[in-house]
Amino acid sequence: MRVLFVCSGNGKDFSVAPFILGQAESLRLQGVCVSFFTVTERGVIGYLRSIRKLRKFIRTNPIDIIHAHYSFNGLLALLSLVHKPVVVSFMGSDTYGDFDIKGRRKISSYINIFISKLIQPFCNVIIVKSPNLARYIYCKKKLQLIPNGVDFDRFFSVDKNDAKQHLGLSLNKRYILFAADKYNERKNFALAQNGFSEISSIQDVELIVPYPVDQTQLNLYYNASDVVILTSHNEGSPNVVKEAMACNRPVVSTDVGDVRWLLGDELGYFISDFSDSDFSYKLRAALNYSLENPQTNGRNRLCNLGLSAEKIAMQIINIYSKVLYLK
């Protein structure tokens, strides 16, 4: 089976998003031949210029199915008119839009929402990461709910002090990890800052923001941290939470996407509202938990939910097979 990933290759921090690269690798491990076509030019004009390039790529690189990541790449795949089945994975912001620092939807994001609605009738399959994204899909018969899987070989527990030493962090400090882009308004870094300032009286606790960081280093940051936090206004199925769980680290998260389902009733996990007071209260509780408990049960929880990269890859392969069979 030959699959072409069509995705953006112009990110300011990563040329291709790590979770897309990870999904491709998990499919390759199951015997799928995955190649990439990346859009390197920005804006609508950049995507329009890529139509001809995509056609040429497919003429010279035989494929069976196109898997486009993000609505604009789905539109690009459809406009290329190469008569190949098209599977589109919506990322989140292309369904609900982008938000400003106060959690209000930006007017500029309505073009993304429009494109996601425009292409739905023409896709063979639509994949979303969580139930809150599914409500934006009106072509329900094409809808598949598949979160991103977690690579357990990449994200796993190591000794906290060993992780700190590798990163050059102090063995005598406790660390709170914000593992996202603090300049992305949707990630709501202000809540992380304000919540942390309310517990700043606790000695030797530091908020660290290493983004962007290599995935190998990221595993060390998870393990060096006493608590991992997510403060976003909106998410689908946040990879940060799942990766922290794979490392058995305590988590404090706002109630976004499928976080409540991911965390379940496991100890060491705390869901906050968007107030500074509640977030700081949950953050303090998580720090107290980490003092008494070296690890959570997050990794087992992910296994029980079937969220290993391998199991998710098999679900996606099953979708590809059905699309090709019905072709």
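Which residues form a nonpolar patch on the surface? In this predicted model, the patch consists of V44, I45, L48 and L79, which together have about 350 Å² of accessible area. Helix 2, spanning residues 43-60, gives the most to this patch, with 3 residues. One of the patch residues, L48, is found in helix 2.

From the surface, the description may turn to the packing of helices. Two packed helices are described by the angle between their axes and the distance between the axes. For helix 1 (residues 18-28) and helix 14 (residues 309-326), the axes come within 9 Å and cross at roughly 75 degrees. Angles of 65 to 115 degrees count as roughly perpendicular, and helix 1 is therefore roughly perpendicular to helix 14. On the side of helix 1, the contact is made by Q23, S26 and L27; helix 14 contributes A309, A313, I316, I317 and Y320. Sorted by class, the residues in this contact are 6 nonpolar and 2 polar, with no charged residues.

Charged side chains do meet elsewhere. The whole structure contains 11 salt bridges, including one between the side chains of E185 and K106, with an N to O distance of 2.9 Å. E185 belongs to the loop between strand 7 (174-178) and helix 8 (189-197), whereas K106 belongs to the loop between helix 4 (93-96) and helix 5 (110-119), so this pair ties together parts that are 79 residues apart in sequence.

Two details of the backbone complete the tour. The first concerns a peptide bond: the one from Y211 to P212 is cis, with omega near -5 degrees. P212 is placed in the loop between strand 8 (205-208) and helix 9 (215-224). The second concerns Y70, which has a positive phi of about 95 degrees although this residue is not a glycine. Y70 is located in the loop between strand 3 (65-69) and helix 3 (71-79).

Key: Residues are numbered from 1 along each chain as its sequence is written. This is a predicted model: local features need pLDDT of at least 70, side-chain atom pairs count only at pLDDT 80 or more; totals for chains, interfaces and linings use all residues. Side-chain values use heavy atoms; hydrogens and water are left out. Axes are lines fitted to C-alpha atoms, for helices over the stretch in contact, and angles run from 0 to 180 degrees between N-to-C directions. Helices (H or I, at least four residues) and strands (E, at least two) are DSSP runs, numbered from the N terminus. Angles under 35 degrees count as roughly parallel, over 145 as roughly antiparallel, 65 to 115 as roughly perpendicular and the rest as oblique. Contact means heavy atoms within 4.5 Å. Ala, Val, Leu, Ile, Met, Phe, Trp, Tyr, Cys and Pro count as nonpolar, Asp, Glu, Lys and Arg as charged, and the others, Gly among them, as polar. Patches are made of residues with over 30% relative accessible area and no salt bridge: like charges are joined within 9 Å, nonpolar side chains (Val, Leu, Ile, Met, Phe, Trp, Tyr) within 5 Å. Accessible areas come from the Shrake-Rupley method with a 1.4 Å probe; for residues, only the protein chains shown count as cover. A salt bridge is a side-chain nitrogen of Lys or Arg within 4 Å of a carboxyl oxygen of Asp or Glu.
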